[in-house]
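Please look over the chains below before reading on. Some questions about their architecture follow, each with a reasoned answer.

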Amino acid sequence: MAIKKTKSGAKHSANGNRRHNLASRSKPKPADLRTYSIPDTRLEHPDLTVRQAIEKDKDGTEHVHYEVTGNLNASVPPIRDSKYLDKQQCIEIYRYMLLNRKMEVALENLYKQGKVVGGVYFGLGQEACSCASAYALDKDDWFAPMIRNQGSLLVRGFRASDTMMQYMAKADSPTHGRDGTSHFGDIEKRNMVSPISMLGDLIPVLSGVALGARLQGRNIAVMTYIGDGGQSTGVTYEGINFAAVQNLGLVLFVESNEWAYSTPSEMQYRCKDLAERAIGYGIPSVIVDGTDACQVNDAARDAVERAHRGEGPTLIEAKMMRMKGHAIHDAAAYVPKPMFDFWKKRDPIARFENYLVKEKKWLTAKENADLISEVERVIEAEREIAVNSPMPTPESAEGGVFCEDGCHEIKPKYGMPKVKKATGGFRQTEAAVHLK
Amino acid sequence: MQLTYLEAIRQGIWEEMDRDPSVFCLGEDIGIYGGAFKVTDGFIDRFGPERVIDTPIAESAIVGAAFGASLTGMRPVAEFQFMDFIGCAFNQISNMVAKTHYLWGAPAPLVLRGPSGGYVHGGPFHSQNPEMWFVHNPGLKVICPATPYDAKGLIKAAIRDNNPCIFFEHKYLYRRIKGEVPAEDYVVPIGKANIVREGSDLSIITYAAMVHTALEAAEVLKKDGIDPEILDLRTVSPLDRDAIARTVRKTNKVIILHEHSRTGGLAGEIAAIINEEAFDDLDGPIVRIAGLDSAIPFSPPQEERYLPKVGDVVREARRLEAY
């Protein structure tokens, strides 16, 4: 709120920067005025760079391809211990990550069997990001996934069969066949806004969810995701800026996964880290290792708690690599192989498994094997449900365009907003106008 | 009570905010300034800055935020300073808001409103009638009132509706048209046309500012012994197919009059409806009177050439009557 902001400006400090600026006013140190720092919890800082290179084949024909430079042999860092997660919670997140991956393996098989309508999108390599971020939300918080955040849906209580039926365009899918992939939502129980294929539009929408809740007297966290590709859209700017000026509890998870379809991040933006964007919005940001579930969860939880305290939006940049093509048809041949090798060693599930079994010894080898088989059994049962659902009837294409005939009762979700007492009745106005 | 078209809209929103705490307004310069056309003048004092929100100049964010708030059960009323700028939020409206109930069953009770229309020399970016961009988007209700009574009754109906409504206020009518508006609460149903002049010789199907153009033309035609019926659509999506068919069956001759460009305009759709519903009742060709197929130009002589006029309606009515 503009009005509240002037009353409590200190609360709204950006990365501590604005506060720093104000504090500096009495004793000017011009060199320090615009020195911003961004917290970075990573235990390694990969320095890989992708650029276009031209190579001649033996016939002298030129071919343009991507090549990668940097320290490709860096050793894999350890998992950073979480500030918040206990043993059981770590194991629960690990289970969700396993569910996420095994569900996608099942989807790949369903595709190969010709049971999927359209393509399949994978979150391979990004499971820590999806699962550990959504895990930080409380029940009343809201979220909206992007196409690769199929793990977030599992954490928020959707079943693997929901997503599978979406891909197979089945009658029992959450959209009853009307849309596929993770394009569905639930405003009643799981507080999820359905994504659309156009990128960035969810950011102002989730901000509006937080605005609606605040008018009803609740500060909630609203989490959504954007990629290094999607953040190039104009509506991304509009949405973050809106959340910033309105001080809304947006938790924006920027998944820097190196590739936007086939375009490397070097051709998507010029700044060093997308977390730097937050400085321009006047909001805090943090960089995390997107293959480390503990770092992801801690940053998300900090941001969620800020949102609950009414302190405004946070941008979290998680770095990792998309380990498959854009969708199942895309072999990602444009990705330099050494890059795949580098990130394969940083597989989020293998790293977390090693942490739980070998470092922390929170799971014995037997318990781990049992957990993996249990997840496989769940996915197989979910696959059965999905496969056995019928296709929708042609007639079901009709109807439902409008909310009519009492299909929904609309009322404020968190309680009736408090309203200002009347201080004057309606008076006609005769003020000057823009065009007569 | 006699109210201007603008005051009727202003009073309608005011009363709904008074009646229902879930209604709130957002838009550019709508707070202390009261909006470029003063539709929300005094609202921030009465309802407070929480419910009358000045936003950044960011139309996609305005629509997105309104939609998000509507998902929590609020009823946002978002103002576009000029409806020309609604194009900046087109994706949010077309792909997010309009499809939401059909695809995943979430109602979106929001109103997007603002001034549209020409005759005020606003130029190509402040005079457009972009309603057709949304008529071709299933899932949206598109409302274009012509009178203070309808403007107030329809803005209240739009705010109470459980669907996204786009409410086009004709800026030429804002302070030029006054009319009787009852003091007590009422709504005008969305999707229902209204016969504003009974007649027997031909039908003029139109809406918004063109209703007044048609009424003026009718006064001229009366002297020629031509008695036109005028149907004010009031809502352009969904269209009142029955009312269109009824008037054609009665008069057997039709002029469709609208301000926006001819090609791909509403007249084409209405002609197709007549073809489907009342083909055998036609005693003459369906006549279209519309804006030129160009941007709407700035200079008054050019704008006058672009826009339909009383003389155009009189000329076309005489030609059609002679059939």
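The questions below concern a predicted model, and they move from one strand to the core, the domains and the chain contact.

Q: Is strand S9 of chain A enclosed or open to the outside?
A: Strand S9 of chain A covers residues 314-319, and 6 of its 6 residues are buried. On one side these are A:Thr314, A:Ile316 and A:Ala318, and on the other A:Leu315, A:Glu317 and A:Lys319. In a regular strand the side chains alternate between the two faces of the sheet. Because 6 of the 6 residues are buried, S9(A) is largely enclosed by the rest of the structure.

Q: Which residue stands opposite A:Thr314 in S9(A)?
A: Strand S5 of chain A, residues 250-256, pairs with S9(A) in the parallel sense over 6 bridges. Within S9(A), the residue facing A:Thr314 is A:Val251.

Q: Which helix makes a right-handed β-α-β unit with S8(A) and S9(A)?
A: Strand S8 of chain A, residues 285-289, pairs with S9(A) in the parallel sense over 5 bridges. A:Ser285 is placed opposite A:Leu315 of S9(A). The helix that completes the right-handed unit with these strands spans residues 293-308 of chain A and is H11.

Q: Which helix gives the largest share of the largest nonpolar core?
A: The core has 214 residues, and A:Leu206, A:Val251, A:Ile316 and B:Ile255 touch the most other members. Leaving aside neighbours within four places in sequence, A:Val251 is in contact with residues including A:Met223, A:Ala303, A:Val304 and A:Ile316. The largest share of this core, 10 residues, comes from residues 87-112 of chain A, helix H4.

Q: How many residues of domain 2 of chain B are in contact with domain 1 of chain B?
A: Chain B is divided into domain 1 (2-180) and domain 2 (194-321). Their centres, taken over C-alpha atoms, are separated by 26 Å. From domain 1 of chain B, 27 residues take part in the contact, and the number from domain 2 of chain B is 23.

Q: Which class has 16 residues on the side of domain 1 of chain B that touches domain 2 of chain B?
A: Helix H7 (148-160) and strand S7 (165-170) of chain B are among the elements that each supply at least two residues of this side. The side has 3 charged residues and 8 polar ones, and the class with 16 is nonpolar.

Q: Which helix supplies the largest share of the side of chain B that touches chain A?
A: The contact takes 58 residues from chain A and 53 residues from chain B. Those of chain B divide into 25 nonpolar, 20 polar and 8 charged. The largest share of this side, 9 residues, comes from H3(B).

Note on methods. Residues numbered from 1 in each chain as written. Chains lettered and ligands numbered in written order. Predicted model: local features only at pLDDT ≥ 70, side-chain atom pairs only at ≥ 80, totals over all residues. Contact = placed C-beta atoms within 7 Å. Helix = DSSP H or I, 4+ residues; strand = E, 2+ residues; numbered from the N terminus. Nonpolar A, V, L, I, M, F, W, Y, C, P; charged D, E, K, R; others polar. Buried ≥ 20, exposed ≤ 12 C-beta atoms within 10 Å, placed from the backbone. Pairing = 2+ DSSP bridges. Right-handed = clockwise from strand over helix to strand, strands pointing away. Core = buried A, V, L, I, M, F, W, Y, C linked by C-beta atoms within 7 Å. Domains from an automatic or database assignment.
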